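Trainee: Can we go through this model together? I'd like to start with the overall picture and then look at some details.

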Amino acid sequence: MLQKEVIEPNAITFTSLIDACAQLGDVERANRWFRCMGFNGIEPNVRTVSAMLNACAKSKDPASWELAVALFRDMSKKSIQPDEFTFASMLNVCANTRHKDPTNVLDMAEEVVGEMKQHSHKIKPDHFHLSSCQRLQQRHPGDERPREWVTWMIHNGADPGKVKSKNSRGKQQLRNNKKGK
């Protein structure tokens, strides 16, 4: 006879649920699971926050922008150190958002890249970070900051050959940035 076991959810359980919601682009459900963690006395970790940011990046809901910014900024208050996935997810949020004020988007991306630079002894930019900054460069051609971020990332190890650009213009921008143009 089988006995029933009581399995208590933990951060890994909730992170898996949030990540599944992110894969579906369902930020609302992901956020419900995130809040449920708190109701159950379970503290989020860096993977949980990264999964939430990933859900926000895939969402079409404009409110996801505010949620992502709040989550990213709350990390330091909760002593959660961002990792390469957190930075990639937040840059992806910036690249995907259709926020009405592009200055806010670029200022947030600048904050993320600035934190990456502060953690550069542990975190090296890769093609995921580079791809998001390239998309920001394409969407905001009049602002030099995304170009500077792309150049910094390439000089610090991000491989532009691994970026899957959807158009030839993006590929040309990457070649120009690599050459320092």
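Mentor: One term to begin with: a residue is called buried when its relative accessible area is under 20%. Keep in mind that this is a predicted model.

Trainee: OK. What share of the residues in the protein is buried?

Mentor: Of the 181 residues, 46% are buried. The protein exposes about 10500 Å², and carbon and sulfur atoms supply 52% of that area.

Trainee: And the secondary structure, how many helices and strands?

Mentor: There are nine helices and zero strands. Read from the N terminus, the order is α-α-α-α-α-α-α-α-α.

Trainee: What about contacts, how many join residues at least 24 apart?

Mentor: Taking contacts between residues at least 6 apart in sequence, 71% join residues at least 24 apart.

Trainee: Can you show me one residue with such partners?

Mentor: Take N92, which lies in helix α5. Leaving out residues up to four places away in sequence, N92 touches A57, S132 and R135.

Trainee: What separates the C-alpha atoms of N92 and A57?

Mentor: They are 5.8 Å apart, while the two residues sit 35 residues apart along the chain.

Trainee: Switching to pockets. How much space lies in the second largest pocket?

Mentor: About 360 Å³. Its lining has 16 residues, and S59, K60, N96, T97 and R98 are the closest to its centre.

Trainee: Which helices supply at least two residues each to that lining?

Mentor: Those are α3 (46-58), α4 (63-77) and α5 (84-96). N92 belongs to α5 as well.

Trainee: And by class, what is in the lining?

Mentor: The lining of the second largest pocket has six charged, five polar and five nonpolar residues.

Trainee: Next, α8. Is this helix largely enclosed or open, and why?

Mentor: Helix α8 (residues 145-155) is largely enclosed by the rest of the structure, because eight of its 11 residues are buried.

Trainee: Which ones are buried in α8?

Mentor: R145, P146, W149, V150, T151, W152, M153 and I154.

Trainee: What follows α8?

Mentor: G157 does, and its phi is positive, near 110 degrees.

Trainee: Last topic, cysteines. How many disulfides does the structure hold?

Mentor: Zero.

Trainee: Then C21 and C36: which class of exposure does each fall in, and why?

Mentor: C21 counts as buried because its relative accessibility is 6%. C36 has 23% relative accessibility, so C36 counts as partly exposed. The cut-off for buried is under 20%.

Notes:
Residues numbered from 1 in each chain as written. Predicted model: local features only at pLDDT ≥ 70, side-chain atom pairs only at ≥ 80, totals over all residues. Heavy atoms only, no water. Disulfide = S-S within 2.5 Å. Buried < 20%, exposed > 50% of the residue type's maximum accessible area, 1.4 Å probe, protein only. Helix = DSSP H or I, 4+ residues; strand = E, 2+ residues; numbered from the N terminus. Contact = heavy atoms within 4.5 Å. Areas by Shrake-Rupley, 256 points an atom, 1.4 Å probe, with all protein chains shown as cover. 1 Å grid on protein atoms, 1.4 Å probe; cavity = no way out; pocket = protein on both sides within 12 Å on 5 of 7 lines; lining within 4 Å. Points joined across faces, edges and corners; volume = space filled by probe spheres on them. Nonpolar A, V, L, I, M, F, W, Y, C, P; charged D, E, K, R; others polar.
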